[in-house]
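Open the model in your viewer and keep the selection box handy. Could you walk me through what to select, stop by stop? Gladly; here is the tour.

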Amino acid sequence: MIQVLDEGKASCRVAILNRPSSLNALNKNIGARLHELYASWEDDPNVGFVVMKGSGRAFCAGGDIFALYHLINEGKMEESKEFFWTLYSFIYHLGTYLKPHVAILNGITMGGGAGVSIPGTFRLATARTVFATPETQIGFHPDAGASFYLSRLPGHLGEYLGLTGEKLSGAEMISCGLATHYSHTEKVPLIEKELENLVTDDPSVIESSLEKYSDVAYPENISALHRIELLDKCFGHDTVEEIIDSLESEASATDDAWCNSTLKKLKEASPLSLKVSLRSIREGRFQTLDQCLVREYRMSLQGISKQISSDFCEGVRARVVDKDFAPKWDPPSLEKVSTDMVDHYFAPLSESEPDLDLPTKQREAFN
């Protein structure tokens with residue numbers, strides 16, 4: 001099966017992620033093919049703008065962690081590194097793309113799926129959209145540029161999403177700025193048809209087409225966005241321990257269901273991942289996209305190396321492979337996660353291991 005389909009007429013080109021049985025999970029080949037297509041379209045004067053969408057019920061559920069798990073356990077570390085290198089390089093290419101880009105997020109959009117869409121110009125959410133960065137639940141950290149875009153969300157919403165892995169609806173995505181447009185699901189074929197017939201490279205013309213089909217959507221009453229003051233109060237603390245203490249204090253005082261469900265999520269996550277992820281998002285707030293990707297590449301290689309912990313493989317085993325949902329985290333608790341362990345994730349790679357090399361001189365990030 002061709003894993004990335006490309007279509008197009010007029011001045012629109014469409015990249016379709018085409019692994020529906022795997023929820024369009026990303027692998028090295030998909031990353032390389034996207035990079036190749038996008039580079040050729042950027043250089044083609046007949047191409048005005050690019051659309052990305054997914055086949056089936058997902059836009060993209062993220063990186064193919066099942067395949068990555070097996071590569072690591074088979075000792076194929078070079079192939080594992082190439083996966084991250086290829087994907088992060090494409091994300092930087094998208095974040096510096098010279099032509100307008102529309103991502104149609106009509107379905108599951110998680111982890112790396114958000115990474116290959118959010119850096120682009122426009123993101124269309126629908127009633128079918130489900131967004132999440134659930135990496136702490138599998139012993140990893142929000143990556144693929146997540147420390148860049150999560151850190152720029154209102155208040156401390158990014159810390160909340162990154163640490164808990166909690167889902168957002170399409171209405172919540174438009175409310176907090178992760179999406180630029182929202183339309184009812186049944187309008188998606190009309191939008192796609194309109195875009196495919198456009199002859200333009202003007203972002204304002206594309207935006208007008210998207211706005212023509214836009215709908216108003218409000219987050220449900222149970223949404224965390226209606227608790228943003230409480231969320232900021234709890235997730236604005238300096239450490240994971242203080243965040244949990246604050247939530248426990250609020251929960252005992254009010255018996256608030258949101259506090260209790262948030263605590264449950266945090267207590268299910270890898271303690272090491274929580275500390276690493278909090279620091280990553282906080283650092284990302286003061287870094288450019290390329291700096292975030294270079295740092296996340298270091299962190300990802302440390303995360304799969306098993307030098308500090310095997311939490312990533314254990315998390316994937318528990319949630320995806322064996323599905324017993326009972327990971328044995330190492331270290332097993334926050335108090336056993338040392339500062340040195342966390343620091344190791346952010347340290348430069350060894351002299352023989354090159355950092356992610358992004359073409360920042362040729363392609364300067366826009367934001």
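Keep in mind that this is a predicted model. We begin with backbone oddities, move on to charged pairs, and finish in a sheet.

**Stop 1: an unusual peptide bond**

Select P331, which sits in the loop between helix 15 (311-321) and helix 16 (339-346). Now add D330 and look at the bond joining D330 to P331: this peptide bond is cis, with omega about 0°. As background, most peptide bonds are trans.

**Stop 2: two positive phi values**

Most residues other than glycine have a negative phi. Go to L23, in the loop between strand 2 (12-17) and helix 1 (28-43). Its phi is positive, near 55°. L23 has a relative accessibility of 21%, so it counts as partly exposed.

Then jump to D255, in the loop between helix 11 (240-254) and helix 12 (257-268). D255 also has a positive phi, near 55°. Is D255 buried or exposed? D255 is exposed, because its relative accessible area is 59%.

**Stop 3: charged pairs**

Side chains of opposite charge can pair when their charged atoms come close. The model has 25 salt bridges, and we will visit some of them.

Show R33 and D6 as sticks: they form a salt bridge whose closest N and O atoms are 3.7 Å apart. R33 belongs to helix 1 and D6 to strand 1 (residues 4-9), so this pair ties together parts 27 residues apart in sequence. R33 is partly exposed at 30% relative accessibility, and D6 is partly exposed at 39%.

Next, select E42 and R363, another salt bridge, with the closest N and O atoms 2.9 Å apart. Which parts of the chain does this pair tie together? E42 lies in helix 1 while R363 lies in the segment after helix 16, so the linked parts are 321 residues apart in sequence. E42 is buried, with a relative accessible area of 12%. R363 counts as buried too, at 16% relative accessibility.

For a pair within one helix, select E268 and K264, whose side chains meet in a salt bridge at 2.8 Å, N to O. Both residues are in helix 12, and because they are 4 residues apart, about one helical turn separates them. E268 is partly exposed at 29% relative accessibility, whereas K264 is exposed at 53%.

Before leaving the charges, highlight R279, E283, R295 and D343 together: salt bridges that share partners join these residues into one network.

**Stop 4: strand 7 and its neighbours**

In a regular strand the side chains alternate between the two faces of the sheet. Select strand 7 (residues 122-125) and turn on the side chains: F122 and L124 point one way, while R123 and A125 point the other way. Are these side chains in buried or exposed residues? All four residues are buried.

Bring in strand 5 (residues 101-105), which runs parallel to strand 7 and is joined to strand 7 by 4 bridges. Here, I104 has L124 as its bridge partner in strand 7.

Finally, add strand 10 (residues 181-182), which also runs parallel to strand 7, with 2 bridges joining the two strands. Centre the view on L124 to end the tour: L124 stands opposite H181 in strand 10, and L124 is also the bridge partner of I104.

Conventions:
Residues are numbered from 1 along each chain as its sequence is written. This is a predicted model: local features need pLDDT of at least 70, side-chain atom pairs count only at pLDDT 80 or more; totals for chains, interfaces and linings use all residues. Side-chain values use heavy atoms; hydrogens and water are left out. Buried means under 20% relative accessible area, exposed over 50%, partly exposed in between (1.4 Å probe, protein chains only). A salt bridge is a side-chain nitrogen of Lys or Arg within 4 Å of a carboxyl oxygen of Asp or Glu. Two strands pair if DSSP finds at least two bridges between them.
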